[in-house]
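Let's take a walk through this structure together, one piece at a time. Have the sequence and the 3D view ready as you read.

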Amino acid sequence: VTGDLKKLYSEIIKTHQSCPFHFEKRIDAGVTLKAYNPICGDKFELYFELNTSNEQSLTITGFSFYGFGCAISKASASIMVKSIIGKSPKDALKLCRQFLGFINNELTDNDLILPDEFIAFSGVRDFPERIECATLAWKEMEKYLNAEEKLN
Amino acid sequence: MDSTVKHTHILADYFKEKIRSVNNISMVGNPKKSASIVSFLVDDIHPHDVASYLGNSHIAIRAGHHCAQPLMESMGIQSTARVSFSIYNTTEDVDKTINALIELKKFWA
């Protein structure tokens, strides 16, 4: 096994794929998003609520996900749920843009202070065919939050 | 053309014979008449992860739906790994692939 492969499947990714965060199917979620890649067959559902907190601001709560996908897409969705739960839609959108920008090599030096769980995906950038896997759930979340931002 | 077909079928049959002896790997479909293509699943390891691992060993395979979503849905599977053989492949390539699949399982253990 070469270093490239070990970097692709970092320990953080392997941990999240074997023990995903809030990996639970829900039928009563306020919001259900479907992240599906018809080319490879990876399919996840994302479940959460948009709750109003004491400050009358929206917060993403009760976030879980369920579905089928490769180690990269599953770990990525798991880390997204863990990163975003409890955040406001505005902060969640910022995280989505940060993660996607990192994977796509679009960040500036000022953006480079990233959580370890984002940096764990740096190996994906050397495997262009796996970028879709790493970004599947994040792109769906970003699309939803972009639309939400336009409404408010 | 006949010799090409014969060569690739010999390799596919050799692969099928070898892969039966590897635990936790199952072939998908077993038609009486087939091309020199074999779809398979490795328990608990997604086909894309199988393909990336083999690719790292310079073995190029396909993984995913293979444009056969309705068929896969009817079979209750989401995707498969798939090897195909050509005139430039040899039995050594098959052996190398089988060994890489055995190593793959150690990597994910």
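In this predicted model, a good place to begin is helix α4 of chain B, residues 91-108, which lies across β1, β2 and β4 of chain B. Compare its direction with that of β2(B), and you will find an angle of about 15°.

Those strands belong to an open sheet of four, with the order β1-β2-β4-β3 in chain B and antiparallel pairing. At its edges are β1 (25-27) and β3 (62-64) of chain B, each pairing on one side only. Going from one strand to the next, the twist averages 30°. A second helix, α2 of chain B (residues 47-56), packs on this sheet too, where it touches β2 (37-42), β3 and β4 of chain B. The direction of α2 makes about 160° with that of β3(B).

Now zoom in on the edge strand β3(B). Three bridges join β3(B) to β4 of chain B, residues 80-84, and the two run antiparallel. Within this pairing, B:R62 stands opposite B:R82.

Just follow the chain on from β3 and you come to the loop between β3 and α3 (69-75) of chain B, where B:H66 sits. What is the sign of phi at B:H66? The value is positive, near 55°, in a residue that is not glycine. Most residues other than glycine have a negative phi. Is B:H66 buried or exposed? B:H66 counts as buried because its relative accessibility is 13%, and the cut-off for buried is under 20%.

Let's move over to chain A. Here three strands form an open sheet in the order β1-β2-β3, again with pairing that is antiparallel. The edge strands of this sheet are β1 (31-36) and β3 (58-68) of chain A, and the twist averages 20° from one strand to the next. Helix α3 of chain A (residues 71-84) packs on the sheet and touches β2 and β3 of chain A. Its direction makes about 165° with that of β3(A).

How are the strands joined? Nine bridges link β2 of chain A, residues 43-52, to β3(A), with A:N51 standing opposite A:T59. Six bridges connect β1(A) and β2(A) in the antiparallel sense, and here A:L33 has A:L46 as its bridge partner. Between β1(A) and β2(A) the hairpin has six residues, and A:G41 takes a positive phi near 95° there.

In a regular strand the side chains alternate between the two faces of the sheet. You can see two faces in β1(A): A:V31, A:L33 and A:A35 make up the covered one, while A:T32, A:K34 and A:Y36 make up the uncovered one.

Before β1 of chain A comes a loop that starts after α2 (11-18), and A:H22 has its place in that loop. A:H22 is not a glycine, yet its phi is positive, about 50°. A:H22 counts as partly exposed because its relative accessibility is 37%.

Finally, look inside. The largest nonpolar core has 73 residues, and those with the most contacts inside it are A:F121, A:M141 and B:F40. Helix α6 of chain A (residues 131-151) contributes the largest share of this core, nine residues. Try centring your view on A:M141: beyond its neighbours within four places in sequence, its contacts include A:L33, A:L46, A:F48 and A:I60.

Methods
Residues are numbered from 1 along each chain as its sequence is written. Chains are lettered from A and ligands numbered from 1 in the order in which they are written. This is a predicted model: local features need pLDDT of at least 70, side-chain atom pairs count only at pLDDT 80 or more; totals for chains, interfaces and linings use all residues. Side-chain values use heavy atoms; hydrogens and water are left out. Two strands pair if DSSP finds at least two bridges between them. Axes are lines fitted to C-alpha atoms, for helices over the stretch in contact, and angles run from 0 to 180 degrees between N-to-C directions. Contact means heavy atoms within 4.5 Å. Buried means under 20% relative accessible area, exposed over 50%, partly exposed in between (1.4 Å probe, protein chains only). A nonpolar core is a set of buried Ala, Val, Leu, Ile, Met, Phe, Trp, Tyr and Cys residues joined through side-chain atoms within 4.5 Å.
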